[in-house]
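Please find below a note on the structure under review. It is arranged as numbered points, each of which may be read beside the model.

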Amino acid sequence: HKMCKKKFLILFFLLTNALNANDNSISITYSNSLFKEELIPIQNYNNNGLQLSRGILLADYYLKKNNFKFFTSYYFSNDEFHLHNFGALIFVKNTYLNIGKTPLYRFSEYDFTLSDNAEPFLKFEFGNKEKIENEFFKFEYYFLLGKLNSQNKHLFDQDYQTQRIDKYIDAPYFHSKSFNFTFELKRQNEIDIGFTHGAMFGGTILRGDNKISPRNNLRALGDVIILRTNTYQNYDINGEGNHVGSWDFQYRSKGNFNFFFSKMFDDKSGFLFKNNFDGVIGINSLKKNNFNLLYVQTTNQSGEKHPPGIDSYYWHHVYTYGWRSNGFSLGLPFILPNNNRKKIFKIGLSNDKNLSFNIFRVNEFNYYGNKGDKSGININHNKINKKTMYFILNYTHALKGVNINHSLGFEKTRNDNIDINNVSFLIKLTKEIQF
């Protein structure tokens, strides 16, 4: 009876607000692959954890009233309904509050810490809506505290030859924050200097037959916020939780182009710029016909011997599922804990006619070297284990009130012949209804 009462109150709340809201809308989206069952990986990136190739029917509901926005979405796939997100976005003067199992309000597509690649998780996020200005600089920030979604059992690479079955009995908590300062130059050009940090902490982890319970209290959160090294717990000598982040730099030439560089880190050496170039660098033109370049490098990490160096990006010895959620990277979509040494090149073109074309070249290098022993082995950073080219053509248009997105992808691995089986086609149909 209590459960029925709660459901009735929630339904009553939604109906009452819907009748008094300024704007209500439902968006229905159907997506599916036509040529083959599985899309090439890049076509499933940055979709908030949705596997578009499986044939998904997604329903999004939005309720807006003044500075309040409620939203929820469900999707139907593999004969099952799933709650995708549920929450509210509230604006109070120049501050936003993003509460619930919600998509991120502020992110960048190729952020090393947190992007829109993985499924939403329960969170409380706040920051400034518009940049805070004074006579010296402009400032923006966000702060996030949440709890990651539950995970199934997973295989963990204990060492080069051994795998172990682990599980999160209680999913870890998650914290992220970002600070960015903007300085105006001559001719209205600008330069940004920022810092982004994220960490998993707490939870309960079953590592094989052993259960560990990192701290789930305010002291643990405080240590995570200030990146304090853990000197009083023996389960993690590297720090409280699993940390990643980046130093972020950007130059904007007004109306022409912007250039950005994010220097990623996974431990103190990366934090102090000792992992050589590893990071994300890119340039975007700001003209009507857009041209963009992107380069990602993640090959230096722990230096030239592995182990004993284990600051392997997105890999962690306590949070053994790594920096991901249900198979999707929480940050850079290309990088996963067991496949994280890469050089990625991207060339992109787009115009104001809803047409875009992207070429990716992904070079994969040794993961932990070539099956060495515990004394460590030298790594040949120039040896490419796998080289793959991706070509993605996207086109969007409208037909009788329905937005239609076509995505044609082609994948070619070195030494592969050109084959129709390497071609994938995704179609996405979206209809929005306002009332």
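The points that follow go from the whole chain to its sheets, its cores, single residues and aromatic rings.

1. General description. The model is a predicted one, and every remark below should be read with that in mind. The chain contains three helices and 27 strands. Of its 435 residues, 49% count as buried. Among contacts between residues at least 6 apart in sequence, 57% join residues at least 24 apart.

2. The open sheet. Four strands form an open sheet, in the order S9-S10-S13-S14, with antiparallel pairing. Strand S9 (154-157) and strand S14 (210-212) are the edge strands; each has a single partner strand, so one side of each is left without a neighbour in the sheet. On average, neighbouring strands of this sheet are turned by 35° against each other, direction ignored.

3. Pairing within the open sheet. S9 and strand S10 (residues 163-170) are joined by four bridges in the antiparallel sense, and Phe156 stands opposite Arg164 in S10. Side chains alternate along S9: His154 and Phe156 point to one face and are buried, whereas Leu155 and Asp157 point to the other and are not. At the other edge, strand S13 (residues 204-207) runs antiparallel to S14 and is joined to S14 by three bridges. Here Leu206 has Lys211 in S14 as its bridge partner.

4. Strands S12, S15 and S16. S12 and strand S15 (residues 242-253) run antiparallel and share eleven bridges; the bridge partner of Gly194 in S15 is Asp248. S15 is also joined to S16, by nine bridges and again in the antiparallel sense. In that second pairing, Arg252 has Asn258 in S16 as its partner. The hairpin of S15 and S16 has three residues between the strands, and Gly255 takes a positive phi near 80° in this hairpin.

5. The nonpolar cores. The largest nonpolar core has 48 residues, of which Phe174, Val280, Leu330, Leu332 and Phe334 touch the most other members. The elements that give two or more residues to this core include strand S4 (80-92), strand S8 (138-147), helix H2 (218-225) and strand S25 (386-399). A second, separate core of seven residues includes Leu39, Leu50, Ile56 and Leu58.

6. The surroundings of Leu330. Which residues are in contact with Leu330, leaving aside its neighbours within four places in sequence? Among them are Thr113, Leu114, Ser115, Ala118 and Leu148, and also Phe174, Met200 and Trp323. Phe174 is, like Leu330, one of the residues that touch the most other members of the largest core.

7. Two residues for comparison. Is Ser31 buried or exposed? Ser31 is found in strand S1 and has a relative accessibility of 2%, so this residue counts as buried. Apart from neighbours within four places in sequence, Ser31 is in contact with Leu52, Gly55, Ile56, Leu426, Ile427 and Lys428. Arg54 lies in the loop between strand S1 (23-33) and strand S2 (56-65). Its relative accessibility is 47%, so Arg54 counts as partly exposed; the cut-off for exposed is over 50%. With neighbours within four places again left aside, Arg54 is in contact with Asn32, Ser77 and Asn78. Arg54 and Asn78 are 24 residues apart along the chain, and their C-alpha atoms are separated by 7.4 Å.

8. Aromatic pairs. How many aromatic pairs does a search of the whole structure find? The search finds 30. In one pair, the rings of Tyr96 and Tyr105 have their centres 4.1 Å apart and their planes at 35°, so the pair is tilted. Tyr96 is buried, with a relative accessible area of 0%, while Tyr105 is partly exposed, with a relative accessible area of 31%. Ring pairs also link Phe124, Phe126, Phe137, Phe139, Tyr141, Phe143, Phe181 and Phe183 into a cluster.

9. Charged groups over rings. Lys129 lies over the face of Phe91, at 4.7 Å from the ring centre. Arg324 lies over the face of Tyr321, at 4.3 Å from the ring centre. Arg324 is also one of the residues in contact with Leu330.

Terms used: Residues are numbered from 1 along each chain as its sequence is written. This is a predicted model: local features need pLDDT of at least 70, side-chain atom pairs count only at pLDDT 80 or more; totals for chains, interfaces and linings use all residues. Side-chain values use heavy atoms; hydrogens and water are left out. Rings of Phe, Tyr and Trp (its six-membered ring) pair if their centres lie within 6.5 Å; planes under 30 degrees apart count as stacked, over 60 as edge-to-face and the rest as tilted. Buried means under 20% relative accessible area, exposed over 50%, partly exposed in between (1.4 Å probe, protein chains only). A charge sits over a ring if NZ of Lys or CZ of Arg is within 6 Å of the ring centre and within 35 degrees of the ring normal. Two strands pair if DSSP finds at least two bridges between them. Axes are lines fitted to C-alpha atoms, for helices over the stretch in contact, and angles run from 0 to 180 degrees between N-to-C directions. Contact means heavy atoms within 4.5 Å. A nonpolar core is a set of buried Ala, Val, Leu, Ile, Met, Phe, Trp, Tyr and Cys residues joined through side-chain atoms within 4.5 Å.
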